[in-house]
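User: I would like a close look at a single part of this protein, with the reasoning spelled out. Please take the aromatic side chains and the strands around them.

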Amino acid sequence: MVVKRELSDLLLRHRLLQRKQDINHKTESKSVVIQLIMVDQLAFTQENRERIQAVENSFGPSGKSLFRPGRVLIGEGRLMKLCRRRPQPKVFYLFNDILVYGSIILHGHWHKNQQIIALEDIQLEDLEDGVSMENQWLIRTPRKSFYVSAASAEEKHAWMKHIEDCKFKQLQHAGCQPGCTFATTWIPDRASAICMRCSKTFRVNKRRHHCRRCGFVVCNACSKNRAVICHISTKPVRVCRLCHLSLQDHGLLTQDEVRSRGNSDGRNCSDEYELVMPEYEATIDNEADERVDDHAPHKWVESQINSWSPYNYLKPHHQSPNLTGLSSHLT
């Protein structure tokens, strides 16, 4: 009996010692896993910051700072943007809270005309292939709405899906509702050879202009009026005579706007419209950008060479560290 009791005590002590060793081992394992996670997070933060810094540097001193705590670069690539006169290649960067795009210069190594749009202000509309652009869709924003197209249907769907996913998460995080007021899409210059108000033919001395309210292509004589359109600008912008009358009938014009007329050149406001910009967008400069392109020595066909670059989706593990296989050790 005494021998059995001693054996039982020894077995019990052995089990208690083994259990203690197991607990110590698990504690050490959790500590190692936590350290690995922290290293991954630090590495990801540094890598993400370097990516954002590279985007900032590509726009030079004229670009705005893009780094913010919690901001992550999700994807990047080139899209064709339908401008006033023709489609042009633009570089686009998708972050988890904003969409950034700009013009491409110096063989794609540098960019200019940085535009920044908050994702909660964006509305996407899928479109069928057009005459001038395939794989296209419409991006609506309060200040400007425009058409873009991707190199393939797969890239188009990837861009649209990732923008919508990031927008949804941003709205959830901010606890706000999506925007509901959007700028009218401009009708391209080539779509009309005549003023869409007076029907006079455009000539060298009869330039095309755009009404900021309806988007119609109009002549200077039909668009001398100016009005404040709140979601576009805090300063008066060009509107056609019919939109000016409509705004006046609805009591949406100030006395100065009711009396507003241009001089003989129609330039009581700058043709470049130096607007007071909200936080998330710079000056609208498509017209100035295209005037530079019109005087460029290369032809439009030649400018299409290498205008596409594959959409680079930085994968989910670039949004947060890849902890697969590590988190299971914490349970």
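Is Trp159 buried or exposed, and why does it count that way?

Analyst: Trp159 is buried, because its relative accessibility is 1%, which falls under the 20% cut-off for that class. The model is a predicted one, with a mean pLDDT of 75 for the protein and 63% of the residues at 70 or more.

A search of the whole structure turns up four aromatic pairs. In one of them, the ring centres of Phe59 and Tyr93 are 6.5 Å apart and the planes meet at 70 degrees, so this pair is edge-to-face. Phe59 belongs to the loop between α1 (2-58) and β1, whereas Tyr93 belongs to strand β2 (residues 87-95), so that the pair links distant parts of the chain, 34 residues apart. Phe59 and Tyr93 are both buried.

Trp159 itself takes part in another edge-to-face pair, with Phe92 as the partner, at 6.3 Å from centre to centre and with 75 degrees between the planes. Here too distant parts of the chain are linked, since Phe92 lies in strand β2 and Trp159 in helix α2 (residues 153-174), 67 residues apart. Phe92 likewise counts as buried because its relative accessibility is 1%. Beyond this pair, ring pairs link Phe92, Tyr101, Phe146 and Trp159 into a cluster.

Phe146 leads from the cluster to the strands, as it falls within the range of strand β7 (residues 146-149). The charged end of Lys81 sits over the ring of Phe146, 5.0 Å from the ring centre, and Lys81 also stands opposite Val148 in β7. Strand β1 (residues 73-82) runs antiparallel to β7, and two bridges join these strands. On strand β6 (residues 136-140), which is also antiparallel to β7, four bridges make the connection, and Gln136 of this strand stands opposite Ser149 in β7. Five residues lie between β6 and β7, and the two strands form a hairpin. A second lysine, Lys144, lies over the face of Trp186, at 4.2 Å from the ring centre.

Some caution is due elsewhere in the chain. Over residues 262-306 pLDDT stays under 50, although the model has 92 contacts beyond four places in sequence for this stretch. Residues 316-331 also stay under 50, and for them the model has 28 such contacts beyond four places in sequence.

How values were computed: Residues are numbered from 1 along each chain as its sequence is written. This is a predicted model: local features need pLDDT of at least 70, side-chain atom pairs count only at pLDDT 80 or more; totals for chains, interfaces and linings use all residues. Side-chain values use heavy atoms; hydrogens and water are left out. Two strands pair if DSSP finds at least two bridges between them. pLDDT is the predictor's confidence in each residue, from 0 to 100. Contact means heavy atoms within 4.5 Å. Rings of Phe, Tyr and Trp (its six-membered ring) pair if their centres lie within 6.5 Å; planes under 30 degrees apart count as stacked, over 60 as edge-to-face and the rest as tilted. Buried means under 20% relative accessible area, exposed over 50%, partly exposed in between (1.4 Å probe, protein chains only). A charge sits over a ring if NZ of Lys or CZ of Arg is within 6 Å of the ring centre and within 35 degrees of the ring normal.
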